Amino acid sequence: MNAHEIDYQIFGEEMQYVELELDPNEAVIAEAGNFMMMDSGIKMNTIFGDGSKQNEGFLGKVLGAGKRLLTGESLFMTLFSNEISGKKKVSFASPYPGKILPIDLSKYGGKFICQKDAFLCAAKGVSIGIEFSRKLGRGLFGGEGFIMQKLEGDGMAFVHAGGTMARKELKVGEKLCVDTGCIIGFTQDVNYDIEFVGGIKNTIFGGEGLFFATLTGPGVVYVQSLPFSRLANRVLQAAPQGGGKDKGEGSILGGIGDIISGDNRF
């Protein structure tokens, strides 16, 4: 498997986008909805799956694309290719505040496992598949279920992390405990499992869930500080309830505090 070799540059701080430079006949694949802008001369096509198995016939394409339904993604992806002479650029944006993580699969043994909604874009030739959990506990309580996404090949791939990103390089036998939703991804040699928090007070009043993920080395783990699910829950909690009035968050005076602060909505 030989993916296209692409150059890239990441711009921004909290709302990043990645700009990919394509030589003639080079191409990238991306999830629908991540496109930002492109130079004239780049052609956009909708394809089955990730385009890495285009020589397997129609049935092979359909079966490969069908696996994506298990991760909650569309059957189709978008291919952006430079079909004229000269270098051309195409850019893809983060879906919410956070960081874009570039992954050179050739440095990670040709495989990287990530949460199923983390993938942003990749060089054509990179395979985007599914990774099944063989452990019942991890499947039921691991946050990502039985299925995670796997990126395979020897090219560049880009995934998105919410908030601030941490990189942890684990030694053999070294264990890291992580909130299940905070995992971005990890290399193929890392052992991923689920562990019960324990303790009656922790279970009932801890507010951190009943389980956390354990990641055991050797390997590299990437962790995000703000999973999208956590961000969405905070937004819903702060949204106006019922009659359209907010909760007066941050003021012990509630509605009176709103008036004092200049918010006179009723």
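How many salt bridges does the count come to? The count comes to six salt bridges, and several of them make useful stops on this tour of a predicted model.

**The whole chain**

Before selecting anything, take in the full cartoon, in which the protein shows five helices and 19 strands. If you colour the 266 residues by burial, those that are buried make up 42% of them. Switching to a surface display brings up an accessible surface of about 14,200 Å², of which 55% belongs to carbon and sulfur atoms. With contacts drawn, and only those with a separation of 6 or more kept, 75% are accounted for by residues 24 or more positions apart.

**Salt bridges around Lys87**

Select Lys87 together with Glu21, whose side chains meet in a salt bridge with an N to O distance of 4.0 Å. Glu21 belongs to strand 2 (residues 17–22), while Lys87 sits in the loop between strand 6 (76–82) and strand 7 (88–93), so this pair ties together parts that are 66 residues apart in sequence. The relative accessibility of Glu21 is 22%, and the residue therefore counts as partly exposed.

Keep Lys87 selected and add Asp23, because the side chains of these two also meet in a salt bridge, here at 2.5 Å from N to O. This second pair again links distant parts of the chain, since Asp23 lies in the loop between strand 2 and strand 3 (27–30), 64 residues apart from Lys87 in the loop between strand 6 and strand 7. Asp23, at 23% relative accessibility, likewise counts as partly exposed. Shown together, Glu21, Asp23 and Lys87 are joined into one network by salt bridges that share partners.

Another of the salt bridges can be found by selecting Lys150 and Glu152, whose side chains meet at 3.9 Å from N to O. Glu152 is partly exposed, with a relative accessible area of 27%.

**Strand 3 and its partners**

Move next to strand 3, and show its side chains on both faces. Ala27 and Ile29 on one side, and Val28 and Ala30 on the other, are all buried, which leaves both faces of the strand covered. Strand 3 pairs with strand 6 in the antiparallel sense over four bridges, and within this pairing Val28 stands opposite Phe80 of strand 6. Strand 3 also pairs with strand 10 (residues 119–123), again in the antiparallel sense, over three bridges. Here the residue to pick out is Cys121 in strand 10, which is the bridge partner of Ala30.

**Aromatic pairs**

From Val28, step across to Phe80, which stands opposite in strand 6, and display the aromatic rings, among which the structure holds seven pairs. How are the planes of Phe80 and Phe92 set against each other? Their planes lie at 75° with the ring centres 5.2 Å apart, so the pair is edge-to-face. Because Phe80 lies in strand 6 and Phe92 in strand 7, the pair ties together parts that are twelve residues apart in sequence. Phe80 counts as buried at 1% relative accessibility, and Phe92 counts as buried at 0%. Adding Phe35 to the selection completes one aromatic cluster, formed by Phe35, Phe80 and Phe92.

For a pair with another geometry, select Tyr108 and Phe112, whose ring centres are 6.1 Å apart and whose planes stand at 35°, so that this pair is tilted. Tyr108 has a relative accessibility of 17% and counts as buried, as does Phe112, for which the value is 0%.

**A three-stranded sheet**

For the last stop, select strands 15, 17 and 18, which form an open sheet of three strands in the order 15-18-17, with antiparallel pairing. Which strands stand at the edges? Strand 15 (175–178) and strand 17 (191–196) do, each with a single partner strand, so one side of each is left without a neighbour in the sheet. If you look along the sheet, neighbouring strands are turned by 30° against each other on average, direction ignored.

Finish by zooming in on strand 17 and strand 18 (residues 211–216), which run antiparallel and are joined by six bridges. In this pairing, Tyr192 stands opposite Leu215 of strand 18.

Key
Residues numbered from 1 in each chain as written. Predicted model: local features only at pLDDT ≥ 70, side-chain atom pairs only at ≥ 80, totals over all residues. Heavy atoms only, no water. Helix = DSSP H or I, 4+ residues; strand = E, 2+ residues; numbered from the N terminus. Buried < 20%, exposed > 50% of the residue type's maximum accessible area, 1.4 Å probe, protein only. Phe/Tyr/Trp six-rings, centres within 6.5 Å; stacked < 30°, edge-to-face > 60°. Contact = heavy atoms within 4.5 Å. Areas by Shrake-Rupley, 256 points an atom, 1.4 Å probe, with all protein chains shown as cover. Pairing = 2+ DSSP bridges. Axes fitted to C-alpha atoms, helices over the stretch in contact; angles between N-to-C directions.
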